[in-house]
Amino acid sequence: MYAIIATGGKQYKVSTGDIIKVENLGVDVKKKVTFDNVLLVSDKEITVGTPTVPNAKVEATVVRAGKDKKIIVYKYKRKSGYHKKNGHRQLFTEVKIGKIVTGETAKAKAADSKEETATEKKPAAKKTTATKSTTAKKPTAAKTTATKTTTAKKPAAKKEATDKTEA
C-alpha cells in the first residue's frame, strides 16, 4: 500500500515505514504530523483524488529537523567583471511514515460510530417544503436587420473655363 502526498510544494510517494525529508514543518522531534493533501492512494485499487482523496490522510512522526548541505550559488556576467558567490542551506524535517488512512477506512469508522449513535437517538421527523417558482420565459423578439440604402452620387458638373480674349 502506498500513497502520494503533497507538502512544501513537492509530491512524495510514501508507504508505511518510509523515512523522507520534506520542507521545514516547524514541528518538534517525536511529535505526530498528519498530511491531509493525499493525491493518490493505492490499496487493492488505485484511488485518484480530484484534487485530493476525500477522508484520506497520512500519519507520520518527526524523526529529526536540521539544515541540508550547502548549495553554492554563483552568478557571473562576462566582459563586465561581475561575479557574485552565495551559499544556501535549506531547512528540512525528516519524518517517518506511520500509517496511511484511506477514505474507505475512515468512512467505515464513521459508519460504525453513526450506527452506535443512531441506536441511542430517535430519528427526527422530516420536514418537507415544496416551493416551486414557475417563471414564464418571454418570447424573444425576432431581430430585424436594417438594410442600408445607398444613393448613387452624381458626378459634379465640370465648369468649363472660358477664355475671353478681348481684342
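Biologist: In S10, which residue is the bridge partner of Gly-66?

Modeller: Phe-92 is the bridge partner of Gly-66 there. This is a predicted model, in which local features need pLDDT of at least 70 and side-chain atom pairs count only at pLDDT 80 or more, while totals for chains, interfaces and linings use all residues. Residues are numbered from 1 along each chain as its sequence is written, and side-chain values use heavy atoms, with hydrogens and water left out.

Biologist: What makes strand S7 and S10 a pair?

Modeller: Two strands pair if DSSP finds at least two bridges between them. Strand S7 (residues 57-67) and S10 have ten bridges in the antiparallel sense, so they meet that definition.

Biologist: How many helices and strands does the chain have, and what makes a stretch count as one?

Modeller: The chain has one helix and ten strands. Both are DSSP runs numbered from the N terminus: a helix is H or I over at least four residues, a strand is E over at least two. Along the sequence the pattern reads β-β-β-β-β-β-β-β-β-β-α.

Biologist: Why are S3 and S4 called edge strands?

Modeller: The open sheet here has four strands in the order S3-S10-S7-S4, with antiparallel pairing. Strand S3 (19-23) and strand S4 (32-35) each have a single partner strand, so one side of each is left without a neighbour in the sheet. From one strand to the next, the twist averages 45 degrees; such angles run from 0 to 180 degrees between N-to-C directions, with axes fitted as lines to C-alpha atoms, for helices over the stretch in contact.

Biologist: Which strands are at the edges of the sheet S2-S1-S5-S6?

Modeller: That open sheet of four strands is also paired antiparallel. Its edge strands are S2 (10-15) and S6 (46-48), each pairing on one side only. The twist there averages 15 degrees from one strand to the next. S5 (residues 38-42) is joined to S6 by three bridges, and Ser-42 has Ile-46 as its bridge partner in S6.

Biologist: Is Glu-94, in strand S10, called buried or exposed, and why?

Modeller: Buried means under 20% relative accessible area, exposed over 50%, and partly exposed in between (1.4 Å probe, protein chains only). Glu-94 has 14% relative accessibility, so Glu-94 counts as buried. Contact means heavy atoms within 4.5 Å. Leaving aside neighbours within four places in sequence, Glu-94 is in contact with residues including Ile-19, Lys-21, Val-62 and Arg-64. In the chain, buried residues make up 17% of the 167 residues.

Biologist: What is Tyr-76 called by that scale, and why?

Modeller: Tyr-76 lies in strand S8. Its relative accessibility is 56%, so Tyr-76 counts as exposed.

Biologist: Which residues make the nonpolar surface patch, and what makes it a patch?

Modeller: Ile-72, Tyr-74 and Tyr-76 make a patch of about 380 Å². Patch residues have over 30% relative accessible area and no salt bridge; like charges are joined within 9 Å, nonpolar side chains (Val, Leu, Ile, Met, Phe, Trp, Tyr) within 5 Å. A salt bridge is a side-chain nitrogen of Lys or Arg within 4 Å of a carboxyl oxygen of Asp or Glu. Areas come from the Shrake-Rupley method with a 1.4 Å probe, and for residues only the protein chains shown count as cover.

Biologist: How do you know that S8 and S9 pair?

Modeller: Seven bridges join S8 (residues 71-77) to S9 (residues 82-88), and the two run antiparallel. Among the partners, Ile-72 is matched in S9 by Gly-87. This hairpin has four residues between the strands, and Lys-79 takes a positive phi near 65 degrees.
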